[in-house]
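Colleague: I would like to learn how to read the ligand sites and the empty spaces of a model with care. Could we go through them one at a time?

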Amino acid sequence: MENLKKVLISEKIADEGLALLKKELEVDNRDGISRAELLEIIDQYDALIVRSVTKVDEELIKRGTHLKVVGRAGNGVDNIDVDVCTRYGVVVANTPDSNTISAAEQSISLLLSSIRNTAWANGFLKGGTWDRKPFRGVELYGKTVGIVGLGRIGSMVATRLKAFNMKVIAYDPYISDERFERYGAEKKESLEELLREADFITVHTPRNEETMHMIDEKMLEFAKDGVRIVNCARGGIIKEEAILKGLESGKIGSAGLDVYEEEPARNNPLFKYNNVVVTPHLGADTFEAQKRVGENIAEQVIMALRGEIVPNVVNLPTMLGEELEYLKPYIMLSEKMGSIYYQLVRNPISRVELIYSGPMTRNETEMLTVAFLKGLLHPVMDDKVNYVNAKLIAEERGLKIYERKEETSSRRYKNTIEARIFNHDSNLNLVGTLSRARQPLLVEINDYETENNLEGYILLVENEDRPRIIGPFATALGDHGVNIASMKVARKTKGDISIMLINVDNKVEDEVLKELEKLEGITAKPKLLHF
Ligand code: NAD
Ligand code: MLT
């Protein structure tokens with residue numbers, strides 16, 4: 001039986017995701033596995049799937065000697081050292097859109113239940129006491145909500161709170177004014193400004209060095225007395241110590257919390273306050289979101305292990321689904337063009353210039369460069385190079401990479417990729433495009449015009465430009481059982497050296513190449529390219 005690749009799942013994912021994984025991989029479902037055991041067995045696995053608890057750090061990645069992909073079943077990657085993964089060539093993929101709705105709804109649920117004391121009253125009544133006095137709350141109607149981070153979840157919270165007739169203000173220094181307008185949020189230039197105006201504050205940023213404790217005791221001084229807060233993003237964005245002090249002093253009127261500085265949170269001092277509603281990181285815990293997350297991460301892990309381009313790779317340039325679909329054939333073209341150099345030349349490269357021309361440049365082209373470098377380095381580095389680490393490895397090898405975009409191509413093709421690869425004494429120039437069937441096509445090599453599908457085998461032959469060369473060459477190939485699929489002959493000036501680029505159906509052995517070199521008019525040993 002064929003040896004299946006192995007995936008370890010360290011935190012629960014939905015059955016639908018498991019079912020997909022099991023179709024193609026050997027699945028080890030070890031929800032809640034201890035850190036010690038994880039470190040001990042990780043070297044047996046090609047893939048690891050985690051949620052927010054498993055710490056994926058250098059110690060773990062170093063031990064995962066066969067690890068190719070870490071799948072994050074969810075959104076935030078603050079439990080994963082993405083830089084380390086990149087250095088070790090491990091793909092990190094997440095499911096950023098799959099739980100957005102659930103997290104936005106949970107934020108609103110926490111807001112409503114905290115300002116109406118729902119959980120507190122619930123406990124009271126079930127305990128046998130009918131009383132209304134302690135539970136009087138406030139309305140959302142006509143009040144101002146301040147949203148920190150107007151990304152996927154923040155923007156959904158904005159549109160939903162508009163329906164409550166709230167004024168929405170937001171602080172997010174990294175997005176365009178157009179995005180504030182689209183979600184009906186008034187832009188605030190600083191966090192301080194937002195805090196001064198908001199009756200309710202809800203945070204929706206990632207947790208990182210910049211956002212950790214971004215709302216602390218000092219910041220809270222700017223807030224209105226009795227301000228009500230929600231954190232359904234990541235623990236610590238609003239400093240827990242500051243929340244405690246704010247609750248004690250009355251600066252904070254209520255809090256709705258789903259996330260904590262330390263998780264699992266068991267004896268958190270915030271739990272003792274009646275005006276604090278807490279949930280154990282349930283933002284994404286709906287049947288709908290978990291089904292989407294499970295299926296999505298399973299699909300991506302499978303794609304990554306097949307060596308395919310994965311939609312939500314965190315350590316690669318981001319592309320939207322449609323953009324990726326459009327660019328995929330260009331990514332293949334670029335990678336195949338990159339693979340040509342070391343098949344022809346063995347000299348170390350000093351510089352690579354890549355020129356992207358035509359309407360395709362309206363898209364993000366960084367992925368084309370990554371693919372070119374992967375193709376370029378693969379013949380010398382084998383499987384050690386992949387999409388994730390290609391750029392880093394190229395830089396470490398001292399390769400200078402220059403990229404340029406031109407709106408229109410100066411050639412007769414609509415979209416082209418031109419590569420100029422320099423070593424210490426010469427350079428190789430290549431131009432590629434897509435065929436009508438959107439297949440990779442080489443259209444120029446060192447200023448010789450051609451048109452060859454970049455697939456299977458291509459023979460590159462240099463010969464004198466005179467009669468009785470092509471016929472005997474083709475006959476000799478036939479004598480060795482090599483079938484010609486298509487052939488291009490190109491020259492720059494009449495009578496000069498010309499070239500033949502011949503797509504052949506099978507591999508041409510080295511002895512045959514040596515014999516072909518001896519044919520009259522052939523000026524160098526033919527080179528065989530493989531794609
Ligand atoms: P996103 O990347 O779509 O949006 C984050 C926004 O924060 C971006 O617009 C970004 O520009 C902004 N931002 C970054 N730094 C900022 C700063 N210093 N000040 C102001 N704005 C800043 O992310 P998202 O999908 O909306 O997720 C938001 C948060 O919710 C993340 O922390 C994520 O991990 C968390 N999350 C939690 C749950 C849960 O179960 N509780 C579920 C899903 C996501
Ligand atoms: C996320 O970032 O997606 C959330 O924290 C939810 C989760 O990890 O399940």
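Modeller: Let us start with a single contact: a backbone N or O atom of G76 lies 2.8 Å from an oxygen atom of ligand 2, where a polar contact is a pair of N or O atoms within 3.5 Å, and within protein one must be able to donate a hydrogen and the other to accept it, with residues adjacent in sequence counting only if both atoms are side-chain atoms. This is a predicted model, in which local features need pLDDT of at least 70 and side-chain atom pairs count only at pLDDT 80 or more, while totals for chains, interfaces and linings use all residues. Residues are numbered from 1 along each chain as its sequence is written, chains are lettered from A and ligands numbered from 1 in the order in which they are written, and side-chain values use heavy atoms, with hydrogens and water left out.

Colleague: Which side chains have a polar atom facing an oxygen atom of ligand 2?

Modeller: R72 places a polar side-chain atom 2.9 Å from an oxygen atom of ligand 2, and an N or O atom in the side chain of N99 is 2.8 Å from an oxygen atom of this ligand. Of the 270 Å² of accessible area that ligand 2 has on its own, the protein covers 92%, the areas coming from the Shrake-Rupley method with a 1.4 Å probe, and for residues only the protein chains shown count as cover.

Colleague: Which residues surround ligand 2, and how do they divide by class?

Modeller: A residue is near a molecule or strand if one of its heavy atoms lies within 4 Å of it. The residues around ligand 2 are R51, S52, R72, G74, N75, G76, N99, R234, H281 and A284, and they divide into 1 nonpolar, 6 polar and 3 charged; Ala, Val, Leu, Ile, Met, Phe, Trp, Tyr, Cys and Pro count as nonpolar, Asp, Glu, Lys and Arg as charged, and the others, Gly among them, as polar.

Colleague: What should I read at ligand 1, and which residues come nearest?

Modeller: Of the 28 residues around ligand 1, the nearest are N75, R152, I153, D172 and T205, and by class the shell has 13 nonpolar, 10 polar and 5 charged residues. A backbone N or O atom of T205 is 2.8 Å from an oxygen atom of ligand 1, a backbone N or O atom of A284 is 3.3 Å from an oxygen atom of the ligand, and a nitrogen atom of ligand 1 lies 3.1 Å from an N or O atom in the side chain of E210. Taken alone, ligand 1 exposes 860 Å², of which the protein buries 90%.

Colleague: How is empty space found, and how many cavities of 30 Å³ or more does the structure hold?

Modeller: Rolling a probe the size of a water molecule over the atoms shows where empty space is left. On a 1 Å grid over the protein atoms alone, a cavity is a set of points where a 1.4 Å probe fits but cannot get out, a pocket is an open set with protein on both sides within 12 Å along at least five of seven lines, and lining residues have an atom within 4 Å of a point. Grid points are joined across faces, edges and corners, and a volume is the space filled by probe spheres set on the points. The structure holds 2 such cavities of 30 Å³ or more; the largest has a volume of about 70 Å³, and its lining has 9 nonpolar, 1 polar and no charged residues, among them I309, V310 and M367.
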